[in-house]
Amino acid sequence: MRQSQLLIPTLREDPADADVISHRLMLRAGLIRQLASGLYTWLPLGLRVLRRIERIIREELDRSGAQEVLMPVVQPAELWQETGRWQKMGPEMLRMQDRHLRDFCMGPTHEEVITDLFRREVRSYRQLPVNFYQIQTKFRDEVRPRFGVMRAREFTMKDGYSFHLDQASFDATYREMHACYSRILTRMDLDFRAVDADTGNIGGDNSHEFHVLAGAGEDTIVYATDGPYAANLEKAVAAPPPSRGNATQALAKVATPGMHTIEAVSQFLGVDAAQTVKTLIVQGEEGLIALVLRGDDELNEVKAGKMPGIAQPLRLADEDKIRATIGCSVGSIGPVNLPVTTFVDREAAALADFVCGANQDGYHLTGVNWGRDVTLADDNVRDLRSVREGDAAPGGQGELRFLKGIEVGHIFQLDTVYSQPMNASVLDADGRSVIAMMGCYGMGVTRLVAAIIEQNHDDMGIRWPAPVAPFDVHIVALNYNKSEAVRSAADRLHDTLTTQGLEVLLDDRDERPGVKFADADLIGIPHRFVIGDRALKDGVVEYKRRRDGFADTPSLEAAPHLLRE
């Protein structure tokens with residue numbers, strides 16, 4: 001393809017409103033243009049990358065046995081009302097009415113639609129398991145779209161859904177989808193991690209996120225230095241703390257006037273924050289609930305939200321309710337004689353001779369010990385904190401370390417959250433009606449483009465991995481329109497490489513060499529041949545590999561063989 005005939009509107013300067021590298025380079029390299037906030041037009045170069053990514057996804061999903069379907073973007077409200085999500089979904093779901101005043105939405109996801117298809121078309125256990133997927137447009141009205149296509153309002157997503165008769169069947173498909181996603185990202189030459197993830201309000205034991213490692217990632221990934229353990233920060237756990245030591249101090253009540261923070265109390269009493277505990281009071285379903293952590297730890301809200309009896313969503317209790325129930329203000333609360341249900345983080349439960357609030361304003365207790373001063377049932381000791389870098393990893397796998405990642409895929413168990421209210425059932429071998437169990441498998445296609453760039457760029461521009469590059473080869477012809485020798489050699493190499501099945505971009509524009517080289521570095525095609533009169537007089541062309549700068553000067557005839565090698 002000739003570059004003079006292709007719309008590639010490159011920019012020399014970084015756009016002022018682009019916050020991350022991928023957004024800046026996608027605009028500068030002419031891959032996308034913004035239509036409105038969170039809405040982008042994909043230009044020819046960007047669309048070619050999208051299509052290559054989609055091809056890899058399709059090949060691996062088809063290989064796994066999944067079946068491709070295509071569902072409507074516009075969805076009727078009735079399906080969402082069956083599952084109760086029409087009322088639950090917030091303003092991120094764009095609602096509308098047709099000319100007959102019937103309610104519809106722009107689909108942010110397709111669980112209801114696929115479940116409706118299943119219940120209409122699948123009748124018998126003999127048809128299970130079944131796994132459907134699509135590559136389709138989604139719309140979510142983000143309150144603050146940012147980071148270009150990484151958090152846009154309209155985006156392309158691969159979403160898949162499987163249906164099963166039992167847990168064993170689901171587990172087998174789940175393992176295959178985990179392997180499938182790993183193959184997809186490996187084929188794209190990406191450095192990624194699959195990590196244990198929280199299943200949210202849906203529940204179930206199966207959930208993994210797939211993260212492309214990049215400094216611009218919004219998510220924190222926790223991994224073990226000496227083993228395979230990896231999880232996102234919401235789910236990550238450290239090794240259990242050492243056993244609790246024996247009590248060596250007597251319980252004492254000390255005045256701490258005006259002290260309401262761990263920092264102030266520990267400084268005033270001359271103790272390490274790690275030897276104190278803090279007590280947070282949250283709203284429960286039937287009253288208040290206390291969560292006790294070591295003073296230097298932070299509450300993990302996802303873990304805490306799973307504690308029995310805690311109201312959803314997790315929220316701190318009202319201060320007036322706290323004072324009426326406990327008799328003091330926040331900052332003076334402690335677990336001794338606390339009149340509410342209490343859960344204690346296991347790090348806090350391992351302390352002896354610790355400091356805590358006295359449940360009286362202006363006072364704290366020192367020399368506090370579990371068992372002697374506070375009754376602590378084993379069932380009330382839980383993992384409530386967020387892990388810290390340097391914590392011991394579980395299973396003796398070294399230490400925990402943090403990385404930043406961009407989530408590009410998520411697989412998890414839906415169980416019967418959608419199939420039950422929509423009565424998506426099949427007949428089992430005994431002729432009984434059984435509600436199908438579901439799995440869900442998502443991958444962000446447009447987000448992958450940004451993630452690939454975040455991991456593959458330098459100061460000059462993009463460095464595409466070969467499997468997803470918009471073209472395989474870039475021929476930069478210097479003085480193409482004035483030199484017969486250059487034109488003939490460039491056209492010949494273009495035709496030879498194209499005949500060999502490669503996708504070739506020929507820069508035949510009437511531009512200065514500096515402009516051509518800058519554009520070539522910016523758009524980042526993996527292999528580049530430069531053809532100019534000076535090199536041709538020496539019987540060679542110049543070759544450069546964009547990803548690592550490797551260079552060579554083969555003859556025109558040997559150039560195609562160089563790529564094959």
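## Rings, strands and enclosed spaces

F170 and Y174 share helix α6 (residues 167-187), where four residues, about one turn of the helix, separate them. This is a predicted model, and what follows is a friendly walk through some of its features. F170 has a relative accessibility of 0% and so counts as buried. Y174, with a relative accessibility of 5%, is buried because the cut-off for that class is under 20%.

### Aromatic pairs and charges over rings

A second ring contact is worth a look next. The rings of F529 and Y543 have their centres 5.3 Å apart, and their planes meet at 50°, so this pair is tilted. F529 belongs to strand β28 (residues 527-531) and Y543 to strand β29 (residues 542-545), so the contact ties together parts that are 14 residues apart in sequence. Both F529 and Y543 are buried. Ring pairs also bring in F550, giving a cluster of F529, Y543 and F550.

How many aromatic pairs does the count come to? The count comes to six aromatic pairs. The pair in helix α6 can be described in the same terms: the ring centres of F170 and Y174 lie 5.6 Å apart with the planes at 45°, so the pair is tilted.

Rings also meet charges in this model. The two contacts below each place a charged side chain over a tyrosine ring.

| Charged residue | Ring | Distance to ring centre |
|---|---|---|
| R193 | Y223 | 4.8 Å |
| K253 | Y363 | 5.1 Å |

### Strand β8 and its partners

Is strand β8 largely enclosed or left open? Of the 11 residues of β8 (residues 154-164), 10 are buried, so the strand is largely enclosed by the rest of the structure. Strand β7 (residues 130-139) runs antiparallel to β8, and 10 bridges join them. In this pairing V130 stands opposite F163 of β8. Strand β23 (residues 437-444) also pairs with β8 in the antiparallel sense, over eight bridges. Here Y161 stands opposite C440 of β23. As a reminder for viewing such strands, side chains in a regular strand alternate between the two faces of the sheet.

### A four-strand open sheet

Elsewhere, four strands form an open sheet in the order β14-β15-β16-β19, and their pairing is mixed. Strands β14 (277-284) and β19 (381-382) stand at the edges with a single partner strand each, so one side of each has no neighbour in the sheet. Strand β16 (residues 341-345) and β19 run parallel and are joined by two bridges. In β19, R382 stands opposite D345.

### A cavity and a pocket

D345 turns up again in the lining of the largest cavity, together with V237, A238, K303, R346, E347, D383, R385 and V387. By residue class, this lining divides into three nonpolar, no polar and six charged residues. The space in the largest cavity is about 30 Å³. A search of the whole structure finds one cavity of 30 Å³ or more.

The edge strand β14 has a part in the second largest pocket, which holds about 320 Å³ of space. Which element gives the largest share of the lining of this pocket? Strand β14 does, with five residues. At least two lining residues come from each of α7 (262-269), β14, α9 (319-326) and β17 (354-357). The lining of the second largest pocket has 21 residues, and those nearest its centre are H260, T279, L280, V330 and G331. By class, the residues of this lining are 12 nonpolar, seven polar and two charged.

### A residue in helix α2

The last stop is R51, which has its place in helix α2 (residues 44-64). With a relative accessible area of 45%, R51 is partly exposed, because this class lies between the 20% limit for buried and the 50% limit for exposed. R51 and E454 are 403 residues apart along the chain, and their C-alpha atoms are separated by 19 Å.

Key:
Residues are numbered from 1 along each chain as its sequence is written. This is a predicted model: local features need pLDDT of at least 70, side-chain atom pairs count only at pLDDT 80 or more; totals for chains, interfaces and linings use all residues. Side-chain values use heavy atoms; hydrogens and water are left out. Rings of Phe, Tyr and Trp (its six-membered ring) pair if their centres lie within 6.5 Å; planes under 30 degrees apart count as stacked, over 60 as edge-to-face and the rest as tilted. Buried means under 20% relative accessible area, exposed over 50%, partly exposed in between (1.4 Å probe, protein chains only). A charge sits over a ring if NZ of Lys or CZ of Arg is within 6 Å of the ring centre and within 35 degrees of the ring normal. Two strands pair if DSSP finds at least two bridges between them. On a 1 Å grid over the protein atoms alone, a cavity is a set of points where a 1.4 Å probe fits but cannot get out, and a pocket is an open set with protein on both sides within 12 Å along at least five of seven lines; lining residues have an atom within 4 Å of a point. Grid points are joined across faces, edges and corners, and a volume is the space filled by probe spheres set on the points. Ala, Val, Leu, Ile, Met, Phe, Trp, Tyr, Cys and Pro count as nonpolar, Asp, Glu, Lys and Arg as charged, and the others, Gly among them, as polar.
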